[in-house]
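Here are some exercises to work through with the model open next to you. Try each task before you read its solution.

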Amino acid sequence: MSNLDLRPAPNLCGGTARTGPVRDVQPGKQVPLGESTVVRRLLPNLGRRMVGAWCFVDHYGPDDIVGEPGMQVPPHPHMGLQTVSWLRQGEVLHRDSLGSLQTVRPRELGLMTSGRAIAHSEESPHGHGPFLHGAQLWVALPGEHRDTAPAFEHHTDLPVIDGGGLSATVLLGELDGATSPGTTYSPLVGADLTLAAGTDTRLPVDPDFEYAALTIAGESEVDGVRLGPGALLYLGCGRSELPLRSDAESSLMLLGGEPFEEQIVMWWNFVGRSQEDIEEARSAWMSGSRFGEVTGYDGDRLPAPALPPVPLKPRGRVR
């Protein structure tokens, strides 16, 4: 999944001390993705760049794509991160430069580790369903793993926690004793939560993790804060349980992890540690080296935007 902004701003992240429990609602922004999809970009935002190792979150849909191409993201590169594809409705066909060809469906995990370099495309397949609804997320790789070999995983059997009106699918990491089969490189969690009407419960969480919640459908109350689609609620660290309630059925995503202590530079589809890292990656993509080739996509690959005129320097995780 690509950041298609033609003038991407550098996001200078990481290296900030833990934040105690907070309730900080941060709005997303509307961003076009491909030919016919508009997403709500929730991370990075003006106030926060990362939640644990999670460094990028787009929520899209539900979009009516009857008679439309749906998601069409041409081949593009990634470096230094993992991409997480998560669907509630629809299908997305993944191709990459390793030769992977996989259709990802609702509540299946599509997990791509870019490591030192990979390229991929994503598209709604021919004969796709009427709706498209999901999230695309990135996880920054820590320094000792950022040059790891690229890989793609597809998991259809994910652990589910049920009880008290709550159903939680653990897509990555560990939550309340349930562990996803997806490969991780730092302590984190990503979960899809569904609350039945009338739910009033408390979810055990790790006090050493920082957390954030975003609504997928309906409205829910997270630690006393009413949360609807289009915003991210940053919760900080220091909780051992998270109060959740909902008057009507609703869904949200919970993201968390140990605060990412390293400083990173995130620009376009790359995560590096310096201006030189980003320049080298951009040059390699434009020259056709290092990232490999995605075959089978009907269209040209994405060219890299121009680098910004200001130096890229790694800084802290928040503005």
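## Exercises on strands, cores and salt bridges

**Exercise 1.** Work out how β7 and β12 pair, and over how many bridges.

*Solution.* Start with the pairing itself: β7 and β12 run antiparallel and share 8 bridges. Strands here are DSSP runs of E, at least two residues long, numbered from the N terminus, and two of them pair if DSSP finds at least two bridges between them.

Before going further, a word on the model: it is predicted, so local features need pLDDT of at least 70 and side-chain atom pairs count only at pLDDT 80 or more, while totals for chains, interfaces and linings use all residues. Residues are numbered from 1 along each chain as its sequence is written, and side-chain values use heavy atoms, with hydrogens and water left out.

Next, look at S85: opposite this residue in β12 is Q136. S85 also stands opposite G110 in β10. That fits the pairing of β7 with β10 (residues 109-113), which is antiparallel with 4 bridges.

Last step: is β7 enclosed or open? In β7 (residues 81-89), 8 of the 9 residues are buried, so the strand is largely enclosed by the rest of the structure. (Buried means under 20% relative accessible area, exposed over 50%, and partly exposed in between, using a 1.4 Å probe and protein chains only.)

**Exercise 2.** Find the residues with the most contacts inside the largest nonpolar core.

*Solution.* First, the term: a nonpolar core is a set of buried Ala, Val, Leu, Ile, Met, Phe, Trp, Tyr and Cys residues joined through side-chain atoms within 4.5 Å. The largest one here has 34 residues, and W54, V84, L137, L172 and M253 have the most contacts inside it. Strand β12 (residues 131-140) gives the largest share, 5 residues.

Now zoom in on L172. Leaving out residues up to four places away in sequence, L172 touches, among others, W54, V84, L109 and V139; contact means heavy atoms within 4.5 Å. Then there's a second, separate core of 25 residues, which includes V189, L203, Y211 and L227.

**Exercise 3.** Give the strand order of the open sheet of 4 strands, and say which strands stand at the edges.

*Solution.* The order is β6-β11-β8-β9, with antiparallel pairing. At the edges are β6 (72-78) and β9 (101-104); each has a single partner strand, so one side of each lacks a neighbour in the sheet. For a closer look at one pair, β6 and β11 (residues 118-123) share 5 antiparallel bridges, and V73 has E122 as its bridge partner in β11.

**Exercise 4.** Are the partners in the R41 and D58 salt bridge buried or exposed?

*Solution.* A salt bridge puts a side-chain nitrogen of Lys or Arg within 4 Å of a carboxyl oxygen of Asp or Glu; the structure holds 15 of them. For R41 and D58, the closest N and O atoms are 2.8 Å apart. R41 sits in β4 (residues 37-43) and D58 in β5 (residues 54-64), so they tie together parts 17 residues apart in sequence. R41 is buried at 6% relative accessible area, and D58 is buried at 0%.

Compare D192 and R107, whose side chains meet at 3.5 Å, N to O. D192 lies in β17 (residues 188-195) and R107 in the loop between β9 and β10, so this pair ties together parts 85 residues apart in sequence. D192 is buried at 0%, whereas R107 is partly exposed at 33%.
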